Amino acid sequence: MELVRTYDKEREVDKMNEDALIWSPLTLIANKYKTDKGTTTHPGHSYTETYYKLFKDMQNEPIRLLEIGVGKGYSLRMWDEFFPNAHIIGMDIKCKNYAYLNKVNLFRGDQGNLVDLAQLIVLYEGDFDIIIDDGSHLPNDHKISFEFLKHYLVSGGLYIIEDLSWEGSTETRRRLAKDPDWYLCHFGKLGVYKKP
Ligand SMILES: C[S@@+](CC[C@H](N)C(=O)[O-])C[C@H]1O[C@@H](n2cnc3c(N)ncnc32)[C@H](O)[C@@H]1O
């Protein structure tokens, strides 16, 4: 039986069963809005398969979600559809304004700048259930944002950092992974911290 690699290089799919593969509802929404967190837009990280497992029980709750890194707003559209009762905030170093994000709050700020992070909290007050870092992908920015924003997660809230392999050397990742305060666990290239 031939094994092939999907876009997510950490995930091997049995070619024989590929046609029968059923993606989660979140991945279907991701693919509809063309965010690369799904499976069809390059490089097809398939993070939404992990996200679905983590988030499905809170889908209809009035959660508060912050995503760092707006891009073209594709993932914010996905969250907006998946979490119909959520308050969603997107933060980006560049000024973003998309008509299709009319239900989402957009905040211009640098995730590596504590003044900007503090302004975000003054404006939106914290108590986040989910924070996703898909911004600069620089280790120092990861750390600054995480150390500041983790205090504004609710108990049991999740802080997720994407694309850890972008952090350069495997040594950096190994060092970060050893620090229990940093990453609760790894799912491939996702770092997930759950607030006690
Ligand atoms: C990969 S894109 C986000 C994609 C989006 N989350 C999605 O899945 O559709 C990364 C975004 O991070 C923003 N960014 C880069 N450096 C940043 C920083 N220091 N603070 C905040 N945002 C930053 C960029 O302007 C860009 O819009």
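**Glycine 71**

I began with glycine 71 in this predicted model. I counted 16 other C-beta atoms within 10 Å of glycine 71, so I put it down as partly exposed. The residue is in the loop between S3 and H3. I then checked a pair distant in sequence: lysine 94 is 23 residues from glycine 71 along the chain, and their C-alpha atoms are separated by 8.9 Å.

**The ligand shell**

Glycine 71 turned up again when I looked around the ligand, as Gly71 is among the residues that come nearest. Which others of the 20 residues around the ligand come nearest? I noted Gly69, Tyr74, Ser75 and Ser136 beside Gly71.

I looked up which elements supply the shell. Strand S3 (64-68), helix H3 (74-82) and strand S4 (87-92) each give at least two residues to it. By class I have five nonpolar, eight polar and seven charged residues in the shell.

**H1 against H3**

Since H3 supplies part of the shell, I looked at how H1 packs on it. How do the axes of H1 and H3 cross? They come within 9 Å and cross at roughly 140 degrees. H1 is therefore oblique to H3. I recorded the crossing of H1 past H3 as right-handed.

From H1, the residues in the contact are Leu26, Ile29, Ala30 and Tyr33. They meet Tyr74, Arg77, Met78, Glu81 and Phe82 of H3. I sorted the residues of this contact into seven nonpolar, no polar and two charged. Tyr74 appears in this contact, and I had already listed Tyr74 among the nearest residues to the ligand.

**H1 against H2**

I did the corresponding lookup for H2. The axes of H1 and H2 come within 8 Å, and I read the crossing angle as roughly 135 degrees. This makes H1 oblique to H2. The crossing is right-handed.

H1 brings Pro25, Leu26, Thr27 and Ala30 to this contact, and H2 brings Thr48, Glu49, Tyr51 and Tyr52. I classed the residues of the contact of H1 with H2 as five nonpolar, two polar and one charged. Leu26 and Ala30 of H1 are in the contact with H2, and Leu26 and Ala30 are also in the contact with H3.

**Buried side of H2**

Which residues of H2 are buried? In helix H2 (residues 47-55) I found Tyr47, Thr48, Glu49, Tyr51 and Phe55. Helix H1 (25-33) and strand S9 (190-194) are included in what covers them. Thr48, Glu49 and Tyr51 are buried residues of H2 that I had met in the contact with H1.

**A cis peptide bond**

I checked the loop between H1 and H2, where proline 43 is found. The peptide bond joining histidine 42 and proline 43 is cis, with omega about 5 degrees.

**Positive phi values**

I noted glutamate 125, which is not a glycine but has a positive phi of about 70 degrees. Where does glutamate 125 lie? Glutamate 125 is in the loop between helix H4 (114-124) and strand S6 (128-133). Glutamate 125 has 10 other C-beta atoms within 10 Å, so I marked it exposed.

Histidine 137 was another entry: its phi is near 65 degrees, positive although the residue is not glycine. I located histidine 137 in the loop between S6 and helix H5 (139-149). Is histidine 137 exposed or partly exposed? There are 17 C-beta neighbours inside 10 Å, so histidine 137 counts as partly exposed.

**Leucine 158**

I next looked at leucine 158, in strand S7 (residues 153-161). Because leucine 158 has 21 C-beta neighbours inside 10 Å and the cut-off is 20 or more, I entered it as buried. Leaving out residues up to four places away in sequence, leucine 158 touches Leu54, Ile130, Val192 and Lys194. I also looked up phenylalanine 128: it is 30 residues from leucine 158 in sequence, and the C-alpha atoms are 8.5 Å apart.

**The chain as a whole**

Last, I took the totals. I counted six helices and nine strands in the chain. Of its 196 residues, 35% count as buried. Among contacts in the chain with a separation of 6 or more, residues 24 or more positions apart account for 55%.

Key: Residues are numbered from 1 along each chain as its sequence is written. This is a predicted model: local features need pLDDT of at least 70, side-chain atom pairs count only at pLDDT 80 or more; totals for chains, interfaces and linings use all residues. A residue is near a molecule or strand if its C-beta atom, placed from the backbone, lies within 6 Å of it. Helices (H or I, at least four residues) and strands (E, at least two) are DSSP runs, numbered from the N terminus. Ala, Val, Leu, Ile, Met, Phe, Trp, Tyr, Cys and Pro count as nonpolar, Asp, Glu, Lys and Arg as charged, and the others, Gly among them, as polar. A residue is buried if 20 or more other C-beta atoms lie within 10 Å of its own, exposed if 12 or fewer, and partly exposed in between; C-beta atoms are placed from the backbone. Two residues are in contact if their C-beta atoms, placed from the backbone, lie within 7 Å. Axes are lines fitted to C-alpha atoms, for helices over the stretch in contact, and angles run from 0 to 180 degrees between N-to-C directions. Angles under 35 degrees count as roughly parallel, over 145 as roughly antiparallel, 65 to 115 as roughly perpendicular and the rest as oblique. A crossing is left-handed if the near helix is turned anticlockwise from the far one by less than a right angle, and right-handed if clockwise.
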